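Thanks for making time this morning. I would like to walk you through one structure, going slowly, since it is new to most of you, so please have it open as I speak.

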Amino acid sequence: MISFKKTQLSNGLTVIVHEDPSTPLAAVNILYDVGARDEDPQRTGFAHLFEHLMFGGSENIPDYDGPLQMASGDNNAFTNNDITNYYLTLPAVNIETAFWLESDRMNNLAFSPKSLEVQRNVVIEEFKQRYLNQPYGDVWLLLRPLAYKKHPYQWATIGKEISHIEDATLEDVKSFFYKHYCPDQAILSVAGNVKNEEIVELAEKWFGPIQRSSSYERNLPAEPEQNARRELKVEKEVPFDALYFAFQSTARMDPAYYATDLMTDVLSRGKSSRLYNMLVKEKKLFSEINAYCTGDRDKGLVIVEGKLVDGVHVGDAEKAVWTELEKLKSAPVTNDELEKVKNKVESTMEFSEVDIASRALNLAMAEWMGDINLANTEINLYRKVRAEEIMESSRRIFREENCSMLYYLKKNSSKN
């Protein structure tokens, strides 16, 4: 159980405090409600670019890392299609340093041609190294536009193509910043050896003077229901053939999400799971295979992906996967299977509460999802899932006409 207190400043900033006197540390987490889904389709990759730009210095603090290191702190960030999240940990006695750093870059980020050029080059190099120049790196660049035709989930967080970052102007970047990186689009979560009154006071001091945004209203196109199977076949310089099944699924806050998430765990979580047992261990068709939910805020995907054992025919492997999916649709999972995956989810959630940084993130995420109490109660929603609900989810999701299929094949394969 994570105890917390929540306050909202007059400028819209949500402040969450979790007091834990057992540690000398404090974790500060700032979640911005902006991700790749908020980008212009002709200017993608900006949310991820800002993950880097925010470390490029602000008007009053040209070097973000220096003062934090002097305060014995460390930091990092991540971006996805829904959010951008910055987090740092430092001794609680130095907590004000975190407020000084984070408020200044929210209010006074330094926009200079030099900073933009430096971070642009970093992002472009990351695009090349992680997505273009390593085996299977471009899977999501291929799979997202196959599975999505209207919603902006159709591009990856890194962006559609390098040219969108190469062509980004200083004015483009400024416009994106002032629209999204503001107090009413942010959740500040603090956990550790702190007092609520102290944190609220610091939040008022450092963030209170920052003005609200220009009232950005998210109005994204809904993804229509898929009613025909889609396929894409590519040949690349990779060691093994691979299959990627993408099925339209539920949004993260849909009540059916919990049954769907457990359904993918039944399929592939652990070496006693169905796909591993049958397709890796027994039939030896795949060297590895996984199933998971993307867990997106809007309509997400269920993914089944696997790399084939060398020499296995792609058609045989695909047919074997469908056989396992059909089994889920035809009979409820056993009580033992259901209890096992529920226990694994519960242990994962409990483990995520061990350190203060994770607790701060969990609280921020729950608030962003619309109910901060989920940080403590979401496990109950998993616990309530019945075997029949998992079967219902499988019937709704695992349909041929709801499948976007990516065949990722090694060049010159004779088994295609």
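Let me begin with alanine 27, whose bridge partner in β5 is threonine 89, and I should say at once that what we are looking at is a predicted model. The two strands involved, β3 and β5 (residues 84–91), run antiparallel and are joined by 8 bridges. They belong to an open sheet of 6 strands with mixed pairing, in the order β1-β2-β6-β3-β5-β4. At the edges stand β1 (5–8) and β4 (74–79), and because each has a single partner strand, one side of each is left without a neighbour in the sheet. On average, and ignoring direction, neighbouring strands here are turned by 15° against each other.

Now for the helices that lie on this sheet. Helix α1 lies across β4 and β5, running at about 170° to β4, while helix α3 (residues 95–108) touches β3, β5 and β6, with its direction at about 155° to that of β5.

Next, the aromatic side chains, where the structure holds 25 aromatic pairs. One of these joins tyrosine 32 and tyrosine 181, and because their ring centres are 5.1 Å apart with the planes at 50°, the pair is tilted. Tyrosine 32 lies in strand β3 and tyrosine 181 in the loop between α7 (170–180) and β6 (186–192), so the pair ties together parts that are 149 residues apart in sequence. Are these two tyrosines, 32 and 181, buried or exposed? Both tyrosine 32 and tyrosine 181 are buried.

A second pair, phenylalanine 46 with phenylalanine 176, is edge-to-face, at 5.8 Å centre to centre and 65° between the planes. Phenylalanine 46 sits in helix α1 (residues 46–53) and phenylalanine 176 in helix α7, 130 residues apart, and both phenylalanines 46 and 176 are buried. The residues of both pairs belong to one aromatic cluster, which also includes Phe50, Tyr86 and Phe111.

Turning to the nonpolar cores, the largest has 58 residues, and among those with the most contacts inside it are Leu243, Leu279 and Phe398. Apart from that core lies another, of 55 residues, including Leu49, Ile61, Tyr86 and Ala186.

Finally, there are two places where a charge meets a ring: the charged end of lysine 233 sits over the ring of tyrosine 407, 5.9 Å from its centre, and that of arginine 297 sits over the ring of tryptophan 368, 4.6 Å from its centre.

Technical notes:
Residues numbered from 1 in each chain as written. Predicted model: local features only at pLDDT ≥ 70, side-chain atom pairs only at ≥ 80, totals over all residues. Heavy atoms only, no water. Phe/Tyr/Trp six-rings, centres within 6.5 Å; stacked < 30°, edge-to-face > 60°. Helix = DSSP H or I, 4+ residues; strand = E, 2+ residues; numbered from the N terminus. Buried < 20%, exposed > 50% of the residue type's maximum accessible area, 1.4 Å probe, protein only. Lys NZ or Arg CZ within 6 Å of the ring centre and 35° of its normal. Core = buried A, V, L, I, M, F, W, Y, C linked by side-chain atoms within 4.5 Å. Pairing = 2+ DSSP bridges. Axes fitted to C-alpha atoms, helices over the stretch in contact; angles between N-to-C directions. Contact = heavy atoms within 4.5 Å.
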